[in-house]
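Visitor: Before we begin, I would like each label justified as we go, with the value set beside the criterion. Could you take me through the structure in that way?

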Amino acid sequence: MSEAMHECKHNPGFCRDTLIPQVALITDIRTETPDVKTFRVERPEGGKLFEHLPGQCAMVCVPGVGEAMFSITSSPTNKEYQEFSIKRCGVLTEHLHSMNAGDEILVRGPYGNNFPVETELKGKNLLFIAGGIALAPLRSVINYCLDNRENYGEIDILYGSRSADDLVQRKEIEEVWMNTPGVNVHLTIDRPQEGWDGHVGFVPSYLKELAFDTNRTAILCGPPIMIKFCLQGLKEMGFAMEQVYTTLELRMKCGVGKCGRCNIGTKYVCKDGPVFRFDQVDELPNEY
Amino acid sequence: MLKIKRSDLGTLFAKIAENNELYLPVKAAGKTNFAAWDQDADVDLDTLKTVKSPKDAFFPQSEGLYSCDREEGKIKITAEKLQDAPFVVFGIRACDVRGIAVLDKVFLSQPVDTYYAARREHGIIVSYACGAPETSCFCKVFGIDAAQPEGDVVTWMVGEDLYWDAKTEKGQKLTAQVAELLTEADAALVAAEQEKIRSIIEKLPNSHLSLEGWGAEAAKTRFDSPIWEQLYKPCLACGTCTFVCPTCQCYDIKDYDTGNGVKRYRCWDSCMYSDFTMMAHGNNRTSQMQRFRQRFLHKLAYYPANNDGMFSCVGCGRCVDKCPSHLNIVKVIKAFGKEGK
């Protein structure tokens, strides 16, 4: 065993330093949409790389190509592996999309805080609202709640995408989520499409149509414009900012609040986030 | 209190170097910076401020983190060896010693940066009081006493003697190694020198800057001030201020292709640069005004908010001396003071 693999006395769970990654074997790649793939990773000798909590992130690196922070899309209740759903949009993600099962990458983490699944969310009715690739961070929470179904009330999932082909995790949504008692899935796509008999329209307008009561906690993730209008809609429905959670995302290098990149005022998104309640977001200077 | 003749310092440095790596201010090509000592080094204890701060000794401008090699298609990671030998940094000024305390709060807070922690564990700081503070100095504003620096050993140059006072266990250990070269001394002469230093500082133009309104509260009260828009304009985004600063800690992590593997290293970076926060999907600080505001609010508001009110400026004045646009933290502090906001 190399020096790097010994657990660090300073940083439990990490091998010596939080900046040193583990080697991860890609054991499966699923094509979700034309530009999103889900990568399953394990230790080369088998087993999970580390334990994480729903909402936490990890740094994924291809040596010589780049390294970036991604939300862990698999639930901690999965005991065998971790998954990342990654959209092709830059140098590193382009390279990842060209890789195959059996290839090795580097992963370090987990980083950041998590959705309060064992405290503030426990016993609550939950409303998940996601747009596009932003389902990735919510999927870890949704599956955590589904695997601990008795701890949560009614679960509504409102998920929208540009087209039916851009819906991530469609198989799991249709086969698992839609068939779980007490779980209501509301899918929508931006424009009509042949073969789609579901709802058509943007997520914020569908949210208004669905007219949820405020006896639930909302978890909202998506592109900034979607967040803005959904938040407005939730406010109109009477939701308090303390009832709505989201995740923020900024450029990160270290993942531990030291490299100076991802701060918004006094908060570091990598360390103090990525999960924030909207009353906490309102406290931040307008620079995100 | 101990002392050694200035003319015997070469012998002292050689003695220290027997058991420790030694770094001290060395003049090369007309510029003085901290560098490794050797017999031929042009040691310069007269220049008040080295061009770069001595933070390199603990947080190097560039350092390896680990290397990746491929063996039969498998990736093998080898972590960079941590500092495990003692080293001495001689001649650090009071402001720069505080600068290290500022970095400590970043790198030694959870999760601990082990590269930095190992250097702090093995590094011995021999500080050096400022005989002749300059007009760009304003350390007093941050409660730093240039006549009585912190450090494992504190030294003063009085006349032709260097006075030596060990303050910590590490300092005493180092003192024991060089004890044969040191003689007992009268502390009264040091006290007189301190009086002289403090009276110079009292009269420096920026020694009485008001920090009123700065600190944690400024994160909210001064973020949206129109003053930033007026102030930032001469900023060239060159990043000089961040590279000479003893407290700037922003870093980048990059890969170096060695030809048969990849070496991952980190190096200083600057929040003043336009690509610092750029992502594939956007950038949250697109204007130089935003980047300028980030740097100064970090020093004067965000850092204090997260560290019990401690400022992450130490008043060394390097940015005052080096900014090509004559823009610096003193101007920022004054601009807000004038407006009384």
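Guide: Gladly, and please keep in mind that this is a predicted model. Let us start in chain B, where β4(B) and β5(B) form a hairpin with two residues between them, and where E72(B), in the turn, has a positive phi of about 50°.

Visitor: How do you know that β4(B) and β5(B) pair?

Guide: Pairing requires at least two bridges between the strands, and β4(B) and β5(B) are joined over six bridges in the antiparallel sense, so the criterion is met. One of the partnerships sets Y66(B) against A79(B) in β5(B).

Visitor: What makes β12 (residues 261-268) of chain B a partner of β4 (residues 62-71) of chain B?

Guide: Seven bridges join β4(B) to β12(B), and the two run antiparallel; since at least two bridges are needed, β4(B) and β12(B) count as paired. Within this pairing, D69(B) has G261(B) as its bridge partner in β12(B).

Visitor: In chain A, why are β4 and β5 called edge strands of the sheet?

Guide: The open sheet has six strands in the order β4-β3-β6-β1-β2-β5 (chain A), with antiparallel pairing. β4 (66-71) and β5 (82-87) of chain A each have a single partner strand, so one side of each is left without a neighbour in the sheet. From one strand to the next, the twist averages 40°.

Visitor: How do you know that β3 (residues 57-62) of chain A pairs with β4(A)?

Guide: β3(A) and β4(A) are linked in the antiparallel sense over six bridges, and because two bridges would suffice, they count as a pair. V62(A) stands opposite G66(A) in β4(A).

Visitor: Why are helices α4(A) and α5(A) called roughly parallel?

Guide: Helix α4 (residues 203-210) and helix α5 (residues 224-237) of chain A pack at an angle of about 15°, with their axes 8 Å apart. Angles under 35 degrees count as roughly parallel, and α4(A) and α5(A) are therefore given that label. The crossing in which α4(A) passes α5(A) is right-handed. V203(A), P204(A), L207(A) and K208(A) of α4(A) make the contact with M226(A), F229(A), C230(A) and G233(A) of α5(A), and these residues divide into six nonpolar, one polar and one charged.

Visitor: What makes Q169(A) count as buried?

Guide: Q169(A) has 24 C-beta neighbours inside 10 Å, and a residue is buried if 20 or more lie within that distance, so Q169(A) belongs to the buried class. Q169(A) is found in the loop between β8 (155-161) and α3 (170-175) of chain A, and its phi is near 60°, a positive value in a residue other than glycine.

Visitor: Why, then, is A237(B) called partly exposed?

Guide: A237(B) has 14 C-beta neighbours inside 10 Å; 20 or more would make a residue buried and 12 or fewer exposed, so A237(B) falls in between and counts as partly exposed. A237(B) sits in the loop between α7 (227-231) and α8 (240-244) of chain B, and has a positive phi of about 60° although it is not a glycine.

Visitor: How do you know that the peptide bond from G109(A) to P110(A) is cis?

Guide: The omega of the bond from G109(A) to P110(A) is near 0°, and the bond is cis; P110(A) is placed in strand β6 (residues 104-111) of chain A. The bond from G273(A) to P274(A) is also cis, with omega near 5°, and P274(A) lies in the loop between β14 (267-268) and β15 (275-277) of chain A.

How values were computed:
Residues numbered from 1 in each chain as written. Chains lettered and ligands numbered in written order. Predicted model: local features only at pLDDT ≥ 70, side-chain atom pairs only at ≥ 80, totals over all residues. Helix = DSSP H or I, 4+ residues; strand = E, 2+ residues; numbered from the N terminus. Axes fitted to C-alpha atoms, helices over the stretch in contact; angles between N-to-C directions. Parallel < 35°, antiparallel > 145°, perpendicular 65-115°, else oblique. Left-handed = near helix turned anticlockwise from the far one by under 90°. Contact = placed C-beta atoms within 7 Å. Nonpolar A, V, L, I, M, F, W, Y, C, P; charged D, E, K, R; others polar.
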